[in-house]
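I opened this notebook page to look up how aromatic rings meet one another, and where a charged side chain sits over a ring. The entries follow the order in which I looked.

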Amino acid sequence: MAVDIEQLNPRNEAALRAWWKVGRAATAYRPGKPWPLWEQSRVALRADNPERGVVLLAAIDGREMVGAGLLTRPLVENLHTAMAFAYTRPDREREGIGRRLVEELEVIAAGDGRTTAQSEVYLPPGGTAAGEPFATAMGYDVASRESIKELALTDYLATRDALSARADGYRIVTFDTVCPDEHVESFGRLLGMLMTEVPLGELDLTASEWTPERIRAAERRQVDIGRHVLTAMAIAPDGGVAGVSDVRVDDTDRAHGQVGITIVDPAHRGHRLGLALKVATHDVALASYPGLVSVDTSNADVNAHMNAVNEALGYRTIENLLELQKRL
Ligand SMILES: CC(C)(COP(=O)(O)OP(=O)(O)OC[C@H]1O[C@@H](n2cnc3c(N)ncnc32)[C@H](O)[C@@H]1OP(=O)(O)O)[C@@H](O)C(=O)NCCC(=O)NCCS
């Protein structure tokens, strides 16, 4: 086969655009918004990020790009892991292109000392797609089963008034991306619980430490790429951050939002903070972006509380997601 695997410089805009088109074609079978808009990818893939290393691979046949690979490596914690994604142009499937991309991504990951490769495959609810047998063929195990859910804002508006979003005894504070000074330290403490408190199945991920400096740097990166992290925090009577949730909207796509993180401190669970926080973020998102059409989220199927909250808001499952893992 005359297909070459090459590393791509994301600052080469023509090459990046060809890479983006392959990914878009390979994910076009999926519902919802499976692939970023060109403007979103163009900005995000080139942005410097000291927290995450990105490698892009291209499968080239003559002058055409027929496959695209993506490796992301966390650079602050979980240094033993990397995420590998392969996309084959639909008219070139089953020629071994996906296999060569993943093998090359794994070589790069292992060369960087990574011992666990992770990936994701999206399936129609109750059904399957090429990525599932492909993952098995590449030696990946299913570490967690999740669902992708989408909320049509028209559905949200229809249920909104019936939702009791009270958080007795707690104060809900909202902001766009930049956390108020007085809460940033406590916010970091809560963020540090994410990896241990969010159900991750068998995924081999460890906790992280979020200092105020790290939070501020992350906020600056979001501002720089035009991403608005519309955040709601529940403040406990003692002033501590008891829970947080966000909806993200990019300047380059004001029609689609995405839930980022949601977490309630175990010490403050059972006060309906999950629902109150989500109603607050969705209200802010709608007020800020009246043209918003949909918001999507993903949760582990075993995460019963979060799933109940999402259902109450009007979220519907549009896909299943397999979180995959392989020891290198
Ligand atoms: C999954 C995907 C990357 C496979 O790409 P590909 O170039 O067709 O894969 P390969 O030809 O290298 O297949 C390698 C092996 O995977 C398995 N496989 C791949 N597609 C399959 C399918 N549709 N049905 C059954 N087995 C399949 C086979 O065992 C195959 O080996 P074989 O052809 O010798 O039998 C491609 O379908 C795609 O881009 N899908 C959308 C994105 C995605 O899901 N990516 C995977 C997770 S990141």
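Entry, ring pairs. I looked up the aromatic pairs in this predicted model and found that the structure holds 3 of them. For Trp19 and Trp35 I noted ring centres 5.8 Å apart and planes at 35°, so I entered the pair as tilted. Trp19 belongs to helix 1 (residues 13-26), while Trp35 is in the loop between helix 1 and helix 2 (38-46), so this pair ties together parts that are 16 residues apart in sequence.

Entry, the second contact of Trp35. I then turned to Trp35 and Tyr87, whose ring centres are 5.0 Å apart with planes at 75°, so I wrote this pair down as edge-to-face. Because Trp35 sits in the loop between helix 1 and helix 2 and Tyr87 in strand 4 (residues 81-88), the pair ties together parts that are 52 residues apart in sequence. Ring pairs thus link Trp19, Trp35 and Tyr87 into a cluster.

Entry, burial. Are the cluster residues buried or exposed? I took under 20% relative accessible area as the cut-off for buried, and Trp19, at 2% relative accessibility, counts as buried. Trp35 is also buried, at 12%, and Tyr87 counts as buried at 14% relative accessibility.

Entry, charges over rings. Last, I looked for charged side chains over ring faces, and I recorded Arg30 over the face of Tyr122, at 3.5 Å from the ring centre. I also recorded Lys278 over the face of Tyr315, at 6.0 Å from the ring centre.

Technical notes:
Residues are numbered from 1 along each chain as its sequence is written. This is a predicted model: local features need pLDDT of at least 70, side-chain atom pairs count only at pLDDT 80 or more; totals for chains, interfaces and linings use all residues. Side-chain values use heavy atoms; hydrogens and water are left out. Rings of Phe, Tyr and Trp (its six-membered ring) pair if their centres lie within 6.5 Å; planes under 30 degrees apart count as stacked, over 60 as edge-to-face and the rest as tilted. Helices (H or I, at least four residues) and strands (E, at least two) are DSSP runs, numbered from the N terminus. Buried means under 20% relative accessible area, exposed over 50%, partly exposed in between (1.4 Å probe, protein chains only). A charge sits over a ring if NZ of Lys or CZ of Arg is within 6 Å of the ring centre and within 35 degrees of the ring normal.
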